[in-house]
Amino acid sequence: MRDFSERQEALVKSSWDELKQNIPQLSLRFFTWISEIAPVAKNMFSFLKDSDEIPQNNPILQLHAAKVFKLTYESAIQLREKGVVAVDPTVKYLGSIHIKNGVIDPHFQVVKEALLNTIKEAIGDKWSDELSNAWAIAYDELAHVIKKEMKDGIPT
């Protein structure tokens, strides 16, 4: 169980309200950050593989980024309400697809950094260490349950 304060939840909620209004543009920024932080990671995404640029107006790219943003937001809500991120069918699926695609621990760190950078750009001067920490905790807890599902999904 992880403590997630009312203040942290409020910070995530208020910034989410801004983020969700501009998912197409933020999706591009998110994947631009991933390709800048870890250029080889972009080959793990079918919609980026063998591409020199981040494709504009790609619905799969937008959907993928929107899922990362929304699942992290929902994780913050779950942490506040229950103290844990629930393992639901989506998380189970993410565990299996991440295994299939060869995702390893450092990739989660790349996504976290890209997520935080994207949020920082999106909300500008509203950004703070406290806000960053709230989103980071929510993402870390989401990543934790996905990694657990990955581990549980590997045959022994």
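Helices here are DSSP runs of H or I with at least four residues, strands are runs of E with at least two, and both are numbered from the N terminus. The model is predicted, so local features need pLDDT of at least 70 and side-chain atom pairs count only at pLDDT 80 or more, while totals for chains, interfaces and linings use all residues. Residues are numbered from 1 along each chain as its sequence is written, and side-chain values use heavy atoms, with hydrogens and water left out.

**Stop 1: residues 3–151**

Select residues 3–151, where UniProt, in an unreviewed entry, places the feature "domain: Globin". UniProt positions are given in the numbering used here, feature names are shortened, and annotations may be inferred rather than shown by experiment. Over this range the chain is 72% helix and 0% strand. The C-alpha atoms at the two ends of the range are 25 Å apart.

**Stop 2: Asn57**

Go to the loop between helix 2 (23–37) and helix 3 (59–82), where Asn57 lies. Its phi is near 55 degrees, a positive value in a residue other than glycine. Asn57 counts as exposed because its relative accessibility is 65%; exposed means over 50% relative accessible area, buried under 20%, and partly exposed in between, with a 1.4 Å probe and protein chains only. For a distance across the model, pick the C-alpha atoms of Asn57 and Ile137: they are 80 residues apart along the chain and separated by 30 Å.

**Stop 3: Gln8**

Next select Gln8 in helix 1. With a relative accessible area of 11%, Gln8 is buried. Show its contacts (heavy atoms within 4.5 Å). Leaving aside neighbours within four places in sequence, Gln8 is in contact with Asp3, Asn133, Ala134 and Ile137. Glu149 is 141 residues from Gln8 in sequence and 26 Å from it in space, C-alpha to C-alpha.

**Stop 4: helix 5**

Select residues 105–123, which form helix 5. This helix has 19 residues and reaches 28 Å from its first C-alpha to its last, close to the 27 Å expected at 1.5 Å a residue. The expected span is 1.5 Å times one less than the number of residues.

Colour the buried residues of helix 5, among them Phe108, Val111, Leu115 and Ile119. What covers the buried residues includes helix 1 (6–19), helix 2, helix 3, helix 4 and helix 6.

Within helix 5, stop at His107. Not counting residues up to four places away in sequence, His107 touches Met44 and Gly102. The C-alpha atoms of His107 and Met44 are separated by 9.9 Å, and the two residues are 63 apart along the chain.

Then move to Lys112, also in helix 5. Lys112 counts as buried because its relative accessibility is 15%. Its contacts, leaving aside neighbours within four places in sequence, are Ala136, Tyr139 and Asp140. Just after helix 5, Gly124 takes a positive phi of about 55 degrees.

**Stop 5: Glu141**

Select Glu141 in helix 6. Glu141 counts as buried because its relative accessibility is 17%. Not counting residues up to four places away in sequence, it touches Arg2, Leu79 and Val85. The C-alpha atoms of Glu141 and Ala86 are separated by 9.8 Å, with their positions 55 residues apart along the chain.

**Stop 6: helix 4 against helix 6**

Two packed helices are described by the angle between their axes and the distance between the axes. Show helix 4 (residues 89–100) and helix 6 (residues 129–152): their axes come within 8 Å and cross at roughly 65 degrees. Axes are lines fitted to C-alpha atoms, for helices over the stretch in contact, and angles run from 0 to 180 degrees between N-to-C directions. The crossing of helix 4 past helix 6 is right-handed, with the near helix turned clockwise from the far one by less than a right angle; anticlockwise would be left-handed.

On helix 4, select Val91, Lys92, Leu94, Gly95, His98 and Ile99, which meet Val145, Ile146, Glu149 and Met150 in helix 6.
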